[in-house]
Amino acid sequence: MRKRLAALTSAGVGALMVILAAPAVAAPTADTIVTFTVVAGTLDIVAPAGPINLGSAPPGGTLTGQIGPVTVTDTRGGATSTWTATVYATNFTSGALTIPFSAVLYWSGPATATSGGGTFIPGQPTAADAVPLGGTPPTAVPAFAHTGGTGGSTATWNPTLIVNIPITAQTGTYTGTVTHQVA
């Protein structure tokens, strides 16, 4: 009788092993194909609207100050993400009095933030590289550039203006416009 129970137990374990080793039944599936389109975006530039007050100084003096962050955003999504930002200014006036735009130097400084691949190139990396502002788009000076990379890119910098007040300047509050553009 004991042999029969042992044989029965061995048979039960064998059957249990067969049940546990059986392949699992796969759950039913349903595939859905999803598509979407990436469209070309834009190339934009944003700069502080101002007014920005650089302070005060006497004739023959110098004023230096940052004008706030300038940001280029390229969402055109091309095979290359190349762009150049330039800057120019109007004359600075106080009523009939004028300080020419050429008395104002510009330096971009390094990028404060970037995204995307490629190379980001400051127009004037240091104060020693500062250049006089041009007065119209044909004489605009480079502010920042981007070459290479694919898809999109962004760059932000905080440019500095250096105003060399002519010794012949008369007292007054002078106002002008600094314009950044990108292409």
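**Exercise 1. List the residues that Thr-86 touches, leaving out those up to four places away in sequence. Then place Thr-86 in its strand and decide whether it is buried or exposed.**

Solution.
Step 1. Not counting residues up to four places away in sequence, Thr-86 touches Ala-140, Val-141, Pro-142, Ala-143, Thr-179, His-180 and Gln-181. The model behind these values is predicted.
Step 2. Find the element. Thr-86 is in strand 4.
Step 3. Find the partner. Pro-142 in strand 11 is the bridge partner of Thr-86. Pro-142 is also among the residues that Thr-86 touches.
Step 4. Judge the burial. Buried means under 20% relative accessible area. Thr-86 has 17% relative accessibility, so it counts as buried.

**Exercise 2. Describe the surroundings of Ala-85.**

Solution.
Step 1. Ala-85 belongs to strand 4, which covers residues 83-89.
Step 2. Check the accessibility. The value for Ala-85 is 0%, so this residue counts as buried.
Step 3. Look at the contacts beyond four places in sequence. Ala-85 touches Ile-45, Val-72, Val-141, Pro-142, Ala-143, Phe-144, Trp-157, Gln-181 and Val-182.
Step 4. Compare chain and space. Ala-85 and His-146 are 61 residues apart along the chain. Their C-alpha atoms are separated by 8.8 Å.

**Exercise 3. Which strands pair with strand 11, and how many bridges join each pair?**

Solution.
Step 1. Strand 4 pairs with strand 11 over five bridges, in the antiparallel sense.
Step 2. Strand 9 (residues 119-122) also pairs with strand 11 in the antiparallel sense, over four bridges. Ile-121 has Ala-145 in strand 11 as its bridge partner.
Step 3. Check the cover. Strand 11 spans residues 141-147, and five of its seven residues are buried.

**Exercise 4. Work out the order of the four strands in the open sheet, and explain what sets its edges apart.**

Solution.
Step 1. Write the order. The four strands run 1-3-12-8, with antiparallel pairing.
Step 2. Look at the edges. Strand 1 (43-46) and strand 8 (111-115) each have a single partner strand, so one side of each has no neighbour in the sheet.
Step 3. Add the twist. From one strand to the next, it averages 10°.
Step 4. Take the pair 1 and 3. Four bridges join these antiparallel strands. Leu-43 has Asp-74 in strand 3 as its bridge partner.
Step 5. Take the pair 3 and 12. Strand 3 (residues 70-78) and strand 12 (residues 151-157) run antiparallel, joined by six bridges. Thr-71 stands opposite Thr-156, and Gly-78 faces Gly-151.

**Exercise 5. Describe the largest pocket: its volume, its lining and the classes of its residues.**

Solution.
Step 1. Start with the volume. The largest pocket has about 870 Å³.
Step 2. Turn to the lining. It has 32 residues, and the closest to the pocket centre are Ile-52, Leu-54, Phe-92, Tyr-174 and Thr-175.
Step 3. Find the elements. Strand 13 (160-164) and strand 14 (178-182) each give two or more residues to this lining.
Step 4. Sort by class. The lining has 20 nonpolar and 12 polar residues, and no charged ones.

**Exercise 6. Sum up the whole protein in three steps: elements, burial and contacts.**

Solution.
Step 1. The protein has one helix and 14 strands.
Step 2. Of its 183 residues, 27% are buried.
Step 3. Take contacts between residues at least 6 apart in sequence. Of these, 78% join residues at least 24 apart.

Notes:
Residues numbered from 1 in each chain as written. Predicted model: local features only at pLDDT ≥ 70, side-chain atom pairs only at ≥ 80, totals over all residues. Heavy atoms only, no water. 1 Å grid on protein atoms, 1.4 Å probe; cavity = no way out; pocket = protein on both sides within 12 Å on 5 of 7 lines; lining within 4 Å. Points joined across faces, edges and corners; volume = space filled by probe spheres on them. Nonpolar A, V, L, I, M, F, W, Y, C, P; charged D, E, K, R; others polar. Buried < 20%, exposed > 50% of the residue type's maximum accessible area, 1.4 Å probe, protein only. Contact = heavy atoms within 4.5 Å. Pairing = 2+ DSSP bridges. Axes fitted to C-alpha atoms, helices over the stretch in contact; angles between N-to-C directions.
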